[in-house]
Every structure is written in structure tokens, then in C-alpha cells.
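Trainee: Please take one part of this model and go through it closely, then place that part in the rest of the chain. Give me the cut-offs as you go.

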Amino acid sequence: MTILVTTANGGVGRHVTAALRDREDVRFLVRSQAGAEALGPVRGEVVVGDAADPDTVRRAVTGVERLYLAHPFATDQAEAETRLALAAADAGAHRVVKLGARAFTGPGTVEDAVTGVHRVITGRLRAAGVPGLTVLAPDRFLQNFVFSAAEIAAGTLADPGGAESARGYVDTRDIAEVALAELLADHPVGGEIELSGPEALTLPELAARFGAVLGRPVRFVEVPLDEAWRAPLEPRGAYVVDGLHALYVNYHREGVAGLGDGVRWVLGRAPRSVDDFAREVLAPAVRSAAEYAG
């Protein structure tokens, strides 16, 4: 088979890349030469270019049988993912594994672009009859907290998600393993697969769990969704800022989120816990941040 991996350096894609880097039958699509260099050594082919460019898309999908589909949250996301998936299907692909997001279902939640764009893309692909479609619907990524390693090292976990919101924070390594299982299986599960960690935790509970593993107190600090929060994000454009604002509003309004059983369903094991993540991923990042600050 020939597999195309898009957003190969992304939060989930980098784990998919790591698992497939020694295979000759894998093609990796990246936007720039810097992205190609960030991949590290791979045995397969690297295609450098933009999904908005028809020539890039044609080179990327030629001969492809299976596609891992992902794209950063941006104004061009719906068009880019739709274009790639339809081109791959036209080229003969019979398996598409799309990285999506868990939809909000609670009363009072609002339309947000971050999760809503995935409904748009999935609807387009289903309407077009894209074959072998699997849509992964994960909750919040635990690995996103690595970006706060310096603050956590100093004893705080600052987040705008709301103290009362409880979510099934999921390890991106689990998401990648489910994606790989769906890509490589002779008989994939298919359909929509909801992914979460094994328990729903509030942010204060999450901070306490981080602290217990790290051996240092960590307290949650609420970040207001005000101009001070918005200002650093403004260079990314109104679409992204407004989308993230609505996303965090939904975290507040939904309250306790349901858990997804996709990891156990597909992989036959329990998802990694917050403690696993904190010990294996967060702790080294916090140590590095503390050493740098000291």
C-alpha cells in the first residue's frame, strides 16, 4: 500500500510519522523545507508544498491507497482537507482516517469554528462518497500543556477552560495509535470514534495530579477571556481568535464532558492516564524549563 500522511509534524501527526518513518511506502506532506527538515530521516517520500496548490496535491496523492488527513486550525482548513481527501479518492485511495474533534452536546453551547469545521469537512466527504472514512473525535490534548511547562515549573497551571469544566484529557500518543490502527488494519472499525482519557477531570484536579507526579505543588489559575487573553493571539487573525474564544466558552458551558471509549474499542487497552502523561512527557519538559529558568 502507499500511505499519505498530512500535517506530518502536527501534535498527532508527529507520532504517526515516528511510527511510519522506516517504511518505504509512506509519503509525507509538509508545507516548507523547514517542515521537511523537522521530520528527521524517513525512508519514504517527502512532498513539500501547500494543499492549496493543485500541483502539490496531485504529486501528494498519486498512487495513494490510504490517507491520514489533518490540517492546522486556520481559515483554509475546510478547503484544504476537502481538496486532499477528494483528490486522494479520485486517485484510488480507499481508506481515509481524518483527525477531527469531539463535538459539544451540552445545553447552552454555541457554534465554534474549532470543532464546527470538522463537521463541515466530514459532511462534505460523506456527501461525496469518500470510501473507508474513519473520523477520530478526541477531547482536549494533554500534550498542549507541555507549552505551559515553564509556568507549571513555577507552580501554576493557567488556562481559560473554567474551573468547573471536567474533560477527558487525552494523550496524543493514544490518538496516533488509533489512527495507525485504522490506517493499517485489514478491517478497520471505521465511522466516528470518540477518544478521551480514562476519566473526566476539572482543571484544578488536573493541576493537582500534575503536582503529585512532579513532586511540587501546582495550582490552577483561571485565565479570563478578556483583551489580555486575546491580544497575543491577534496576529493569527479574527477567525482563529474568535474560534478559540467560542471553544473555551463551550468548555465552560458544557460542564462535565462524556468519555469516549475509542482507545479500548480499537486498541483493546485502556487509554493512558494523566499520571502516565505527567511522568513520561510533562516531567522532562518541566525539568528542562526549571533548569533554563535557574
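Mentor: A residue is called buried when its relative accessible area is under 20%, exposed when the value is over 50%, and partly exposed in between, using a 1.4 Å probe and protein chains only. By that rule G162 is buried, at 3% relative accessibility. The model is predicted, so local features need pLDDT of at least 70 and side-chain atom pairs count only at pLDDT 80 or more, while totals for chains, interfaces and linings use all residues. Residues are numbered from 1 along each chain as its sequence is written, and side-chain values use heavy atoms, with hydrogens and water left out.

G162 is the part I will look at. It sits in the loop that joins β7 (156–159) to β8 (166–167). Helices (H or I, at least four residues) and strands (E, at least two) are DSSP runs, numbered from the N terminus. Contact means heavy atoms within 4.5 Å. Setting aside neighbours within four places in sequence, G162 is in contact with L203, F220, E222 and H252. For one of these partners, E222, the C-alpha atoms are 6.5 Å apart in space, with the two positions 60 residues apart in sequence.

The partner L203 leads on to helix α12, since α8 covers residues 203–214 and is among the elements over the buried residues of α12. The others include α6 (149–153), α7 (172–184) and β10 (201–202). Helix α12 runs over residues 274–293 and has a kink of about 45° at L282, shortly before the proline P284. The bend at a residue is the angle between axes fitted to the seven residues ending there and the seven starting there. The buried residues of α12 are V274, F277, A278, V281, L282, A283, A285, V286 and A289. An α-helix has 3.6 residues a turn, so residues three or four places apart point the same way.

Helix α7 holds A181, which is partly exposed at a relative accessible area of 23%. Beyond its sequence neighbours within four places, A181 is in contact with V266 and L267. Both fall in the range of α11 (residues 262–267), the helix that also holds V263. V263 is buried, at 1% relative accessibility. Not counting residues up to four places away in sequence, V263 touches D174, V178, L195, S196, G268, R269, A270 and P271. Some pairs are further apart in space: V263 and G211 are 26 Å apart, C-alpha to C-alpha, at a sequence distance of 52 residues.

Two positions at the start of the chain complete the local picture. M1 lies in the segment before β1 and is partly exposed, with a relative accessible area of 35%. Apart from neighbours within four places in sequence, M1 is in contact with R23, D25, E65, R66 and L184. T7 lies in the loop between β1 (3–6) and α1 (13–20) and is partly exposed at 23% relative accessibility. Its phi is near 45°, a positive value in a residue other than glycine. Most residues other than glycine have a negative phi.

Now the whole chain. Its secondary structure comes to twelve helices and eleven strands. The radius of gyration is 19 Å, close to the 19 Å of the globule rule for 294 residues, so the chain is as compact as a globular protein of that length. That radius is taken over C-alpha atoms, and the rule is 2.2 Å times the number of residues to the power 0.38. Along the principal axes, the C-alpha atoms fill a box of roughly 55 × 40 × 40 Å. Buried residues make up 51% of the 294 residues. Of the contacts with a separation of 6 or more, 75% join residues 24 or more positions apart; the pair of G162 and E222, at 60 residues apart in sequence, is one to look at with that in mind.
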